[in-house]
Amino acid sequence: MNGIHDLGGMHGMGPIRPEANEPVFHEDWERRVFGVMIATFAGGQFNVDQFRHAIERMDPAHYLESSYYEHWLTAVETLLVENGALTRAELEARRAELAKEAA
Amino acid sequence: MPALTKDMVPGLVATGGSCRAQAEVPAKFAQGDRIVVRNINPTRHTRLPRYVRGKHGVVEHDHGVFVFPDTSAHGQGQKPQHVYSVKFAAQELWGAGAPSRDHLYLDLWDDYMDRA
């Protein structure tokens, strides 16, 4: 698809500045998203091409505003809802629970 | 469905779950072949970037046989085929203003290309 992910040749995205001693994860939640993705992938919930395509199908504005691992999280959520492993309502309920705990 | 076990993790992380296919498939192209990239605009998944569609290049290396993402992403099978490293002149992609000695190498599947 001719989506927002296909950035090759576009201008105005700013310089690429490689980080010195870049950590594997910048935030602890990224480590969890990595684990969730690997577990659901290896568990046969989706293949790598379906995963990539789910990232491409993100809302374009959300895609540009979100980080690498937020792309991963969004794609896993999309695929698990589409294949019936989860419902959107279950996801939202859990989100609300966590927000309450954090408050 | 196989569940992920702890002993599977290192291999999976190391290989990223390789998409190399075991099928014997004849190669459509050989090193040195001049190709033109198909100008396709599927609304579904493809790994063919927009900026290379319709451009001319030269096959530099045959990587072997891999799963075809365009079908695999949609439950339409692996359609295994050769993937090549294809060389494009920067000026072919970006015009006369690009540096004349720069080249870009892209990994492309058989189905993305025709003989030029």
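Here are some notes on the two chains, A and B, of this predicted model.

1. Start with the overall make-up of chain A. Its secondary structure comes to 5 helices and 0 strands, so there is little to trace beyond an α-α-α-α-α pattern along the sequence. The C-alpha atoms fill a box of roughly 40 × 35 × 25 Å along the principal axes. Of the 103 residues of chain A, 13% count as buried. As for how the chain folds back on itself, take the contacts between residues at least 6 apart in sequence: 67% of them join residues at least 24 apart.

2. Helix α1 of chain A (residues 28–42) passes a quick length check. With 15 residues, α1(A) reaches 22 Å from its first C-alpha to its last, close to the 21 Å expected at 1.5 Å a residue. After α1(A) comes A:G44, with a positive phi near 80°.

3. Helix α4 of chain A, residues 68–82, gets the same kind of check. It also has 15 residues, which at 1.5 Å each should span 21 Å; the end C-alpha atoms are 21 Å apart, so prediction and expectation agree. Which residues of α4(A) are buried? They are A:H71, A:W72, A:A75, A:V76 and A:L79. Looking down the axis of α4(A), these buried residues fall within an arc of 130°, so they line one face of the helix. What does that face pack against? The partners are α1, α2 (48–56) and α3 (60–65) of chain A. A:G84 follows α4(A), and its phi is positive, near 90°.

4. Over in chain B, have a look at the largest nonpolar core. It has 19 residues, and those with the most contacts inside it are B:V52, B:V86, B:L108 and B:Y112. Four elements of chain B give two or more residues to this core: β1 (34–37), β2 (56–66), β3 (81–89) and β4 (103–109). The largest share, 4 residues, comes from β3(B). If you want one residue to click on, try B:L108: leaving aside neighbours within four places in sequence, B:L108 is in contact with B:V83, B:Y84, B:V86 and B:M113. Apart from this core lies another, of 8 residues, among them A:F46, A:A75, A:V76 and A:L79. Three of those names, A:A75, A:V76 and A:L79, will be familiar from the buried residues of α4(A).

5. Strand β1 of chain B is worth a separate look. Its covered face holds B:I35 and B:V37, while B:R34 and B:V36 make up the uncovered one. β1(B) pairs with β2(B) in the antiparallel sense over 3 bridges, and in β2(B) the bridge partner of B:I35 is B:G57. β1(B) also pairs with strand β5 (residues 113–115) of chain B, again antiparallel and over 3 bridges. There, the bridge partner of B:V37 is B:M113, a residue that B:L108 contacts as well.

6. Now the contact between the chains. It takes 18 residues from chain A and 19 residues from chain B. On the chain A side, α1 and α2 each supply at least two residues, and α2(A) gives the most, with 6 residues. By class, the side of chain A that touches chain B has 6 nonpolar, 8 polar and 4 charged residues. Both of these helices also turn up among the elements that the buried residues of α4(A) pack against.

7. Finally, two backbone angles to check by eye. Most residues other than glycine have a negative phi. A:N21 goes the other way, with a positive phi near 50°. Where does A:N21 sit? It is in the segment before α1 of chain A. With 4 other C-beta atoms within 10 Å, A:N21 is exposed. The second case is B:K79, which is not a glycine either and has a positive phi of about 35°. B:K79 is found in the loop between α2 (69–72) and β3 of chain B. Is B:K79 buried, exposed or partly exposed? Partly exposed, because 17 other C-beta atoms lie within 10 Å of its own, between the 12 or fewer of an exposed residue and the 20 or more of a buried one.

Conventions. Residues numbered from 1 in each chain as written. Chains lettered and ligands numbered in written order. Predicted model: local features only at pLDDT ≥ 70, side-chain atom pairs only at ≥ 80, totals over all residues. Expected span 1.5 Å × (residues − 1). Arc of directions from axis to C-beta. Contact = placed C-beta atoms within 7 Å. Core = buried A, V, L, I, M, F, W, Y, C linked by C-beta atoms within 7 Å. Nonpolar A, V, L, I, M, F, W, Y, C, P; charged D, E, K, R; others polar. Pairing = 2+ DSSP bridges.
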